[in-house]
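Please consider the sequence and the model displayed below. The explanation after them is meant to be read alongside both.

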Amino acid sequence: MDTAVVVRRGVPHGTEDQVAALYWEAFGRKLGAALNPPERGRAFIARHLHHDRAVVALAPDGDGVVGVAGYRLGGRGLTGGGVRDVLSAYGLFRGLPRLAVLALLERAPEPRELVMDGIAVEPAGRGKGVGSLLLTEIAAVAAEHGCSRVRLDVIDVNPRARALYERHGFDAVRTEQTPYLKGLMGFGAVTTMHRTLPAHPGDGAAGSLGKQR
C-alpha cells in the first residue's frame with residue numbers, strides 16, 4: 001500500500017481540473033454520451049463539482065490529486081450541474097437528449113445509505129493501495145453520517161474494480177442487463193453492490209480510518 005499519499009475529505013480548491021481529468025479518464029466512455037466532446041465534458045465537470053462530496057488522495061508533496069472517490073449524500077453528489085447548466089453549455093437541441101442520458105445515470109440513495117459516485121486513480125497510482133485508502137475513508141464518512149451501508153454500481157467491463165470492492169466487503173445484490181447501453185456507453189450489465197457498516201461508528205475499519213486524516 002502506498003502510505004506516502006495523503007487522504008483528505010473534500011476537493012481542494014484549485015484542483016478541479018485534475019479531478020475532472022481523472023473522472024473523465026475513468027468514466028469518459030460512459031459520460032461521453034452526455035458530455036462529449038471530451039474537452040467540453042471535462043470543463044463541465046470541473047465547473048460544477050460539489051467540493052464536499054469527495055475523498056481525495058494527494059501526492060506526497062500535496063500538490064496533485066492522484067485519486068478521487070465521489071459520493072452522493074443528502075441529495076448531492078460530487079458531479080453537479082442541473083438542467084439549466086446543461087442547456088447553457090450545450091444549447092437547447094443538443095442539450096435535451098444529453099439530459100435524457102444523464103437521467104439514466106442518476107442513483108438516489110435510500111434512507112441511511114451513501115451511494116458512491118465513482119472512484120478514479122491515476123494510472124501511475126494503480127495497484128499501490130490508493131483505491132483501498134479511498135474506499136476505507138468513504139466508509140468512515142458514511143458511518144459518521146449515520147449510514148448503515150454503502151452502495152455502488154460496477155459495470156461488467158470493469159472486473160478489476162469489482163475485485164477491489166469485494167476485497168473491501170462489498171457484496172453483489174443484483175445485476176441488471178443493459179444491452180441497450182452497450183453501443184452508447186460500452187457496457188452491457190450493471191451490478192449493484194452493498195457494504196454493510198457496523199452499527200456503531202467506532203467499530204471496525206470505518207471508525208479507525210476515520211481518524212487518519
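The paragraphs that follow treat the sheet, its strand pairings and then the helices.

The model is predicted. Its strands include those of an open sheet of 7 strands, arranged in the order E1-E2-E3-E4-E5-E7-E6 with mixed pairing. Strand E1 (6–9) and strand E6 (171–177) occupy the edges; each has a single partner strand, so one side of each is left without a neighbour in the sheet. From one strand to the next, the twist averages 25 degrees.

Two pairings of strand E5 illustrate the mixed character of the sheet. On one side, E4 and E5 run parallel and are joined by 3 bridges. Within this pairing, Leu 114 stands opposite Val 150 in E5. The connection from E4 to E5 passes through H5, and the resulting β-α-β crossover is right-handed. The other pairing is antiparallel: 7 bridges join strand E5 (residues 149–155) to strand E7 (residues 189–196). Val 150 has Arg 195 as its bridge partner in E7, while Ile 155 stands opposite Val 190 in E7. Val 150 can therefore be followed across three strands, because it stands opposite Leu 114 and has Arg 195 of E7 as its bridge partner. The helices can now be placed against this framework.

Helix H5 (residues 130–144), the helix of the crossover, lies across E1, strand E2 (54–58), E3, E4, E5 and E7, and runs at about 160 degrees to E4. H5 has 15 residues and spans 21 Å from its first C-alpha to its last, close to the 21 Å expected at 1.5 Å a residue. How much of H5 is covered? The helix is mostly covered, with 14 of its 15 residues buried. Just after H5, Gly 146 adopts a positive phi of about 75 degrees.

Helix H1 (residues 16–35) also lies across strands of the sheet, namely strand E3 (65–72) and strand E4 (113–121). Its direction is at about 90 degrees to E4, whereas H5 runs at about 160 degrees to that strand.

H1 is also a packing partner of helix H2. In helix H2 (residues 38–47), the residues Gly 41, Phe 44, Ile 45 and Ala 46 are buried. What do the buried residues of H2 pack against? They pack against H1 and helix H3 (83–90). An α-helix has 3.6 residues a turn, so residues three or four places apart point the same way. The buried set in H2 includes Gly 41, Phe 44 and Ile 45.

Terms used
Residues are numbered from 1 along each chain as its sequence is written. This is a predicted model: local features need pLDDT of at least 70, side-chain atom pairs count only at pLDDT 80 or more; totals for chains, interfaces and linings use all residues. Side-chain values use heavy atoms; hydrogens and water are left out. Two strands pair if DSSP finds at least two bridges between them. Helices (H or I, at least four residues) and strands (E, at least two) are DSSP runs, numbered from the N terminus. Axes are lines fitted to C-alpha atoms, for helices over the stretch in contact, and angles run from 0 to 180 degrees between N-to-C directions. Contact means heavy atoms within 4.5 Å. The expected span of a helix is 1.5 Å times one less than its number of residues. Buried means under 20% relative accessible area, exposed over 50%, partly exposed in between (1.4 Å probe, protein chains only). A crossover is right-handed if, with the strands pointing away from the viewer, the path from the first strand over the helix to the second runs clockwise.
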